[in-house]
Amino acid sequence: TVALSVCYVVDCSGSMNGRKMDQVKAELAESIAQLLPNQRFFVVFFSDSVQATFGGGLSPQLVEASLVSKQQALQVVFNVSSQGGTLPESAVRLAASLRPEVMYLLTDGVFEPLQEETYSELATAGVAVHTIGFETIGTDLLLKDIASRTGGSYRAAVGSTSVSLMSMPPEVVWSYGWEPENNSPEENLYKNYLHPKDWLGL
């Protein structure tokens with residue numbers, strides 16, 4: 001069953017700089033491009049602050065996966081930078097407040113255990129957190145614990161992240177080597193937006 005709402009909670013702290021962040025951006029962009037029009041989504045990045053794709057911190061909201069909203073999300077994805085500390089609490093709580101059917105936490109797991117209050121909010125919202133770890137040497141136990149306590153699952157991103165995401169529960173469509181139909185809006189999005197761009201024209 002395809003989830004009708006999904007939140008991506010993505011680590012953009014300093015420890016994610018370089019290869020890990022490049023891999024996350026590429027796979028996240030491909031996943032966003034594949035979302036169906038009847039799905040709603042939200043992306044929030046965290047370091048020692050929170051950066052949301054839609055509505056900011058004042059009025060966050062799940063949005064329909066239209067061509068325009070996908071383009072807006074991709075602008076944020078490709079322009080986000082990796083810096084600062086790693087404080088996931090606010091981002092996880094923000095995502096939980098939207099009550100998505102699915103939450104994915106993409107991180108290297110270099111942070112302190114989540115507070116009990118955060119677990120309570122996740123339980124109240126009925127959200128299972130599926131964790132995907134990037135080069136989680138010594139931190140995979142924390143991500144496994146988050147997944148276990150919320151009814152989610154854990155996978156390590158080894159090699160191509162899409163392989164790891166494909167093995168997650170079948171609640172969101174992840175297709176390895178996906179290609180859009182010719183002359184479709186998705187083809188335009190895939191060809192013109194799944195590459196780093198100077199959006200400011202500088």
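Author: A nonpolar core is a set of buried Ala, Val, Leu, Ile, Met, Phe, Trp, Tyr and Cys residues joined through side-chain atoms within 4.5 Å. The model discussed here is predicted.

Reader: Which strand gives the most to the largest nonpolar core?

Author: Start with the core itself. It holds 57 residues, and Val 9, Ile 32, Phe 41, Phe 42, Phe 45, Met 103 and Ile 146 touch the most other members. Six residues of this core come from one strand, the top contributor: β2, residues 40-46.

Reader: Which residues does Ile 146 touch, not counting residues up to four places away in sequence?

Author: Ile 146 is among the core residues that touch the most other members. Leave out its sequence neighbours up to four places away, and these contacts remain: Leu 105, Phe 111, Leu 114, Tyr 119, Val 129 and Thr 131.

Reader: How many residues of strand β5 are buried?

Author: Take β5 one face at a time. In a regular strand the side chains alternate between the two faces of the sheet. On one side of β5, Val 102, Tyr 104 and Leu 106 are buried. On the other, Met 103, Leu 105 and Thr 107 are buried too, and the count for the strand is six of six.

Reader: Which residue is the bridge partner of Val 10 in β5?

Author: Strand β1, residues 5-11, runs parallel to β5. Five bridges join the two. Within that pairing, Val 10 is matched with Leu 106.

Reader: Which residue in β6 does Tyr 104 stand opposite?

Author: β5 also pairs with β6, residues 129-134, again through five bridges and in parallel. β5, helix α4 (residues 116-125) and β6 form a β-α-β unit that is right-handed. Across from Tyr 104 in β6 is His 130.

Reader: Why is helix α1 largely enclosed by the rest of the structure, and how many of its residues are buried?

Author: α1 spans residues 19-34 and reaches 23 Å from its first C-alpha to its last, close to the 22 Å expected. Its buried residues include Lys 20, Lys 25, Glu 27 and Glu 30, along with Val 24, Leu 28 and Ile 32. The helix counts as largely enclosed because the buried share of its 16 residues is twelve.

Reader: What covers the buried residues of α3?

Author: Helix α3 covers residues 89-97. Its buried residues are Glu 89, Ala 91, Val 92, Leu 94, Ala 95 and Ala 96. The cover over them includes β1, β2, β3 (50-52), β5 and α4.

Reader: Which residue just after α3 takes a positive phi?

Author: Look just past the end of α3. The phi there is about 50 degrees, and the residue is Arg 99.

Conventions: Residues numbered from 1 in each chain as written. Predicted model: local features only at pLDDT ≥ 70, side-chain atom pairs only at ≥ 80, totals over all residues. Heavy atoms only, no water. Buried < 20%, exposed > 50% of the residue type's maximum accessible area, 1.4 Å probe, protein only. Helix = DSSP H or I, 4+ residues; strand = E, 2+ residues; numbered from the N terminus. Pairing = 2+ DSSP bridges. Right-handed = clockwise from strand over helix to strand, strands pointing away. Contact = heavy atoms within 4.5 Å. Expected span 1.5 Å × (residues − 1).
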